[in-house]
Amino acid sequence: MVHRTSIADVHVMCMDLSPKKPNKASASDGGAYYDWSPADLPMLGVASIGAAKLCLTAGGLALPSYSDSAKIAYVLQGKGIFGVVLPEATKEKVISVKEGDALALPFGVVTWWHNNADAAISDLVVLFLGDTSTGHKPGQFTNFQLTGSTGIFTGFSTEFVARAWDLTQDDAAKLVSTQPGSGIVRVKDGHKMPEARDEDRQGLVLNCLEAPLDVDIKNGGRVVVLNTQNLPLVKEVGLGADLVRIDAHSMCSPGFSCDSAYQVTYIVRGSGRVQVVGIDGTRVLETRAEGGCLFIVPRFFVVSKIADETGMEWFSIITTPNPIFSHLAGRTSVWKAISPAVLQSSFNTTPEMEKLFRSKRLDSEIFFAPSN
């Protein structure tokens, strides 16, 4: 069978797939908002994926807003509280969040984030990855603020605001104009914010550092997978996700998403080498990725990683709620399922070499510890 490379294939093959760090989009004394742009990382636009990071200093508050995209949020660092009003809900849920927490945020949710820690405690840092296919800008989130200098109600006339809220026009004008901040502000000292309720976490949050491991290979690595079973709202978001941690010098098996999904990977900490191979056996990426970088693997392309001496940890989303991967090495490799005669002919090798090849990695799955 002859493969004919399409114009779209060539376009992806020629793209810069190298990992990138985000740009600062806005900042205040309460923190900063960073995002990745399709201009810097073209695959964001191709895959219609948005990526952003929120960093709140002590006392920082990300004002109530909603987005044009469904997202998965992952707490990279720190502790804080998170408020969310689900569509058609009449009461907000207030949730305590900490490092390792993953949250699925469907369309239409109104959210706010607050770093309620003392100044001596670290910043609250949250990663957002999501689907922008129905958004205003493919590859980039558009957030709609409910208050502040760029809030929705600054665009309405005083008459409309007063009528909507049943206030006098003077009171409506004061209410809309008293918050000069935009997006992120700092809460005044002594101001009491809502307290989190343990019951509100149920079904909305999964802590990936505490959840049962889906894969655990000694001296190799560990995986926690987010799916519709352990975080039901993932179904509404339409995305799957996982947290992967591999040990020093360990390798993640070459593999690909076999359900036409993109893999969007953020390196949480550590570093390592990454190779991606695409159409016609062409290596389209060979690089070293480090903490804070993001990269995207095109559909059906094969990716593999080897950690440096510090190990490597990454959080990924996959553009399907229950992803399926095929691995090309290890005990569960497709090569173990293919008949010996086909394998021998495919590699044009001897029966002895076929037996040697098949005899390897019988007790390893997707992570390979370094040989002693």
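Is Lys 21 buried, partly exposed or exposed, and at what relative accessibility? Keep that in mind for the first exercise; the model you're working with is a predicted one.

**Exercise 1. Classify Lys 21 and find its salt-bridge partner.**

Step 1. Start with accessibility: Lys 21 comes out at 46%. Buried needs a value under 20% and exposed one over 50%, so Lys 21 counts as partly exposed.

Step 2. Now look for a carboxyl oxygen. The side chain of Lys 21 meets that of Glu 290 in a salt bridge, with 3.5 Å from N to O. Glu 290 has a relative accessible area of 33%, so this residue is partly exposed too.

Step 3. Check what else joins in. Lys 21 and Glu 290 belong to a network of salt bridges that also takes in Arg 288 and Asp 308.

Step 4. Put the pair in context. The count of salt bridges comes to 14. Glu 290 sits in strand β19 (residues 283–290) and Lys 21 in the loop between α1 and β1 (23–28), so this pair ties together parts that lie 269 residues apart in sequence.

**Exercise 2. Work out how Lys 98 and Glu 210 are paired, then set Lys 192 and Glu 195 beside them.**

Step 1. Recall the principle: side chains of opposite charge can pair when their charged atoms come close.

Step 2. Apply it. Lys 98 and Glu 210 form a salt bridge at 2.7 Å, N to O. Lys 98 is in strand β7, while Glu 210 is in the loop between β13 (205–207) and β14 (215–217), so to speak a link between distant parts of the chain, 112 residues apart.

Step 3. Check accessibility. Lys 98 is partly exposed at 30%, whereas Glu 210 reaches 54% and counts as exposed.

Step 4. Turn to the other pair. Lys 192 and Glu 195 have their closest N and O atoms 3.3 Å apart, in a salt bridge, and both residues are exposed.

**Exercise 3. Describe how domain 1 meets domain 2.**

Step 1. Get the bounds: domain 1 covers 7–201 and domain 2 covers 205–326. Their centres, taken over C-alpha atoms, are 25 Å apart.

Step 2. Count who takes part. Domain 1 puts 38 residues into the contact and domain 2 puts in 41.

Step 3. Look at the buried area. The two domains bury about 3300 Å² between them, and 75% of that is on carbon and sulfur atoms.

Step 4. Add the polar side of the story. Three salt bridges run between the domains, and nine residue pairs are in polar contact across the interface.

Step 5. Find which elements of domain 1 do the touching. Those that each supply at least two residues include α1 (7–13), β5 (70–77) and β10 (124–131). On this side of the contact, the residues split into 25 nonpolar, three polar and 10 charged.

**Exercise 4. Place Phe 256 and Thr 320, and say whether they are buried or exposed.**

Step 1. Locate Phe 256: this residue is in strand β17 (residues 251–257). Its relative accessible area is 18%, so it's buried.

Step 2. See what surrounds Phe 256. Beyond its sequence neighbours, its contacts include Phe 300, Phe 301, Ile 324 and Leu 328. Leu 328 is 72 residues away along the chain, yet the C-alpha atoms are separated by 8.4 Å.

Step 3. Move to Thr 320, in the loop between β21 (302–318) and β22 (325–327). At 17% relative accessible area, Thr 320 is buried.

Step 4. List some partners. Thr 320 touches Gly 238, Leu 239 and Asp 259, among others.

Conventions: Residues are numbered from 1 along each chain as its sequence is written. This is a predicted model: local features need pLDDT of at least 70, side-chain atom pairs count only at pLDDT 80 or more; totals for chains, interfaces and linings use all residues. Side-chain values use heavy atoms; hydrogens and water are left out. Helices (H or I, at least four residues) and strands (E, at least two) are DSSP runs, numbered from the N terminus. Buried means under 20% relative accessible area, exposed over 50%, partly exposed in between (1.4 Å probe, protein chains only). Contact means heavy atoms within 4.5 Å. Domain bounds come from an automatic or database domain assignment. Buried area is the accessible area (1.4 Å probe) that two parts lose on being put together, summed over both. A salt bridge is a side-chain nitrogen of Lys or Arg within 4 Å of a carboxyl oxygen of Asp or Glu. A polar contact is a pair of N or O atoms within 3.5 Å; within protein, one must be able to donate a hydrogen and the other to accept it, and residues adjacent in sequence count only if both atoms are side-chain atoms. Ala, Val, Leu, Ile, Met, Phe, Trp, Tyr, Cys and Pro count as nonpolar, Asp, Glu, Lys and Arg as charged, and the others, Gly among them, as polar. Lists of a residue's contacts leave out its neighbours within four places in sequence.
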